[in-house]
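Work through the exercises below with the sequence and the model open. Try each task before reading its solution.

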Amino acid sequence: MIHANPLPPLDDLVDGVRAGRRAMLARAITLIESRKPEHRALAEQLTQALLPFTGKALRVGITGVPGVGKSTTIDALGTYLLEQGHRIAVLAVDPSSTRTGGSILGDKTRMARLSMDERAFVRPSPSAGTLGGVAARTRETMLLCEAAGYDVVLVETVGVGQSETAVSDMTDTFLVLMLPGAGDELQGIKKGIIELADIVAVNKADGANAPRAKAAASEYRAALHVLGGREAHWTTPVLTYSGLTGAGIAELWAQVLLHRERARSAGAFADKRSAQQVKWMWTLFDDRLRARMRADLALRSQLPDIERAVADGTLSPTLGATRIATLFGW
C-alpha cells in the first residue's frame, strides 16, 4: 500500500522507471492507480516527465468471449515474443467484486511462463467497474511500461461485449479471440466488437477441435465480409491457432506486424495515435467532473432530489441534466 511505503521523490521514480527497474515501475503504477487526491498531482507530473520516452512500443489489445483462453494465449504469444528478443509488458485487467471493489487477480497465475521471466512485466489490475473493461488508469500504465523499455504492450480486457471496446481506443491492433463451433455463436456475436476487430483468431485449433476451428474461421470470414471493413488499407483476417500448443502463434504475430506496416504505409498509424490521445484527454476530463461531484458535499447533497424527481417522472432527464450543470456553475 502507498501509505505503508512512502513514495520516492519524483526524480527517483522517473530514473527508476527509465532504468527498467521492475520494483520501481510497480510503485509508479501503484501511484498512477491511486485514488487519493494527494497522489494525483505527483502522478500527473510523473506521466508528463516520462512522456518523451513513450510511444515506441507496439500496443495490442486482446479480448474475447469468456473461456476463450485469453491468458493462455497471452502466455504463449508473450513467450514467443521473448524468444524473438522483445521485452513484454502485459496489463491484465481482472474483474472487480461489485461488493468490495477488490480484484480476483488470477491472470498472473495463468501466465506461468511470463510471470517467471525477467524480460516480462505482468501487471494485473482491478477493473473497478470501469466501462470498457479496462482499468481506469490503463492508458497511463501503458505509457510507464513504454518508458521502462518494454517494446510490446499487451492489454487483456475483462471480457467481450459492446461495453468492452475501449481497448481499441488505446491500442494499435485490436485482436478478438473466438472459440470453435461458430454456427450457433454467430447469432450472439456483438456486432460492435467484431466491427472493431483488426484481427479475429479462433483458439483451440488442436486435436479433434482443429476441423471445428477451421469451420468456425470460415463462418467468421463470411460474417466479416457482410459487415465490411472499417479501414481502407486493411481487410480483417481470420486465423486459427492453439494457445495450448503454440501452433499458429507465429502466424498470428505476423499479422499484427503486417497490420502495423499497412497502417504506416497508409499514413493512418500516427493519425490513429493522435486521435487516441485527444480522446484520452476528454475521457480524463469526464473523470474529473465525476470526481468533483463525489467530492463536493454541497453539490452531492442535492443530487438525490434531482434523481428522485427524474425517476418519479416529475422532472425530465433533460431538465435534470440542466439543473446538475447549474450546480457546477454552468
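## Exercise 1: a residue in a strand

Arg59 has a relative accessibility of 6%, so Arg59 counts as buried (buried means under 20% relative accessible area, exposed over 50%, partly exposed in between, with a 1.4 Å probe and protein chains only). The model is predicted: local features need pLDDT of at least 70, side-chain atom pairs count only at pLDDT 80 or more, and totals for chains, interfaces and linings use all residues. Residues are numbered from 1 along each chain as its sequence is written, and side-chain values use heavy atoms, with hydrogens and water left out.

Task: Place Arg59 in its strand and list its contacts beyond four places in sequence.

Solution.
Step 1. Arg59 lies in strand β1. (Strands are DSSP runs of E with at least two residues, helices are runs of H or I with at least four, and both are numbered from the N terminus.)
Step 2. Leave aside the neighbours within four places in sequence; Arg59 is then in contact with Met142, Leu143, Glu146, Val153, Met170, Thr171, Asp172, Thr173, Arg273 and Gln276. (Contact means heavy atoms within 4.5 Å.)

## Exercise 2: a strand pair

Task: State how β1 and β4 pair, and find the side to which each residue of β4 points.

Solution.
Step 1. Strand β1 covers residues 58-64, and its pairing with β4 is parallel, over five bridges. (Two strands pair if DSSP finds at least two bridges between them.)
Step 2. Ile62 has Glu156 of β4 as its bridge partner.
Step 3. Strand β4 runs over residues 152-156 and is mostly covered, with five of its five residues buried.
Step 4. Val152, Leu154 and Glu156 point one way from β4, while Val153 and Val155 point the other way.

## Exercise 3: three helix contacts

Task: Describe how α1 packs on α2, α2 on α3, and α3 on α7.

Solution.
Step 1. Helix α1 (residues 10-18) packs against helix α2 (residues 22-33) at an angle of about 125°, and their axes are 8 Å apart. (Axes are lines fitted to C-alpha atoms, for helices over the stretch in contact, and angles run from 0 to 180 degrees between N-to-C directions.)
Step 2. α1 and α2 are therefore oblique to each other. (Angles under 35 degrees count as roughly parallel, over 145 as roughly antiparallel, 65 to 115 as roughly perpendicular and the rest as oblique.)
Step 3. From α1, Asp12, Leu13, Gly16 and Val17 make the contact, and from α2, Met24, Leu25, Ala28 and Leu31.
Step 4. By class, the contact of α1 with α2 has six nonpolar, one polar and one charged residues. (Ala, Val, Leu, Ile, Met, Phe, Trp, Tyr, Cys and Pro count as nonpolar, Asp, Glu, Lys and Arg as charged, and the others, Gly among them, as polar.)
Step 5. For α2 and α3, the axes come within 8 Å and cross at roughly 125°. That makes α2 oblique to α3.
Step 6. The contact is made by Ala28, Leu31 and Ile32 of α2 with His39, Arg40, Leu42, Ala43, Leu46 and Thr47 of α3. Sorted by class, the residues of the contact of α2 with α3 are six nonpolar, two polar and one charged.
Step 7. The axes of helix α3 (residues 37-50) and helix α7 (residues 138-147) come within 10 Å, crossing at roughly 45°. α3 and α7 are therefore oblique to each other.
Step 8. Arg40, Leu46, Thr47 and Leu50 of α3 meet Glu140, Leu143, Leu144 and Ala147 of α7. The contact of α3 with α7 has five nonpolar, one polar and two charged residues.

## Exercise 4: a residue in a helix

Task: Is Thr79 buried or exposed, and which residues does Thr79 touch?

Solution.
Step 1. Thr79 is part of helix α4 (residues 70-83).
Step 2. Thr79 counts as buried because its relative accessibility is 16%.
Step 3. Not counting residues up to four places away in sequence, Thr79 touches Ile74, Arg113 and Leu114.
Step 4. Thr79 and Asp117 are 38 residues apart in sequence, and 8.9 Å separates them in space, C-alpha to C-alpha.
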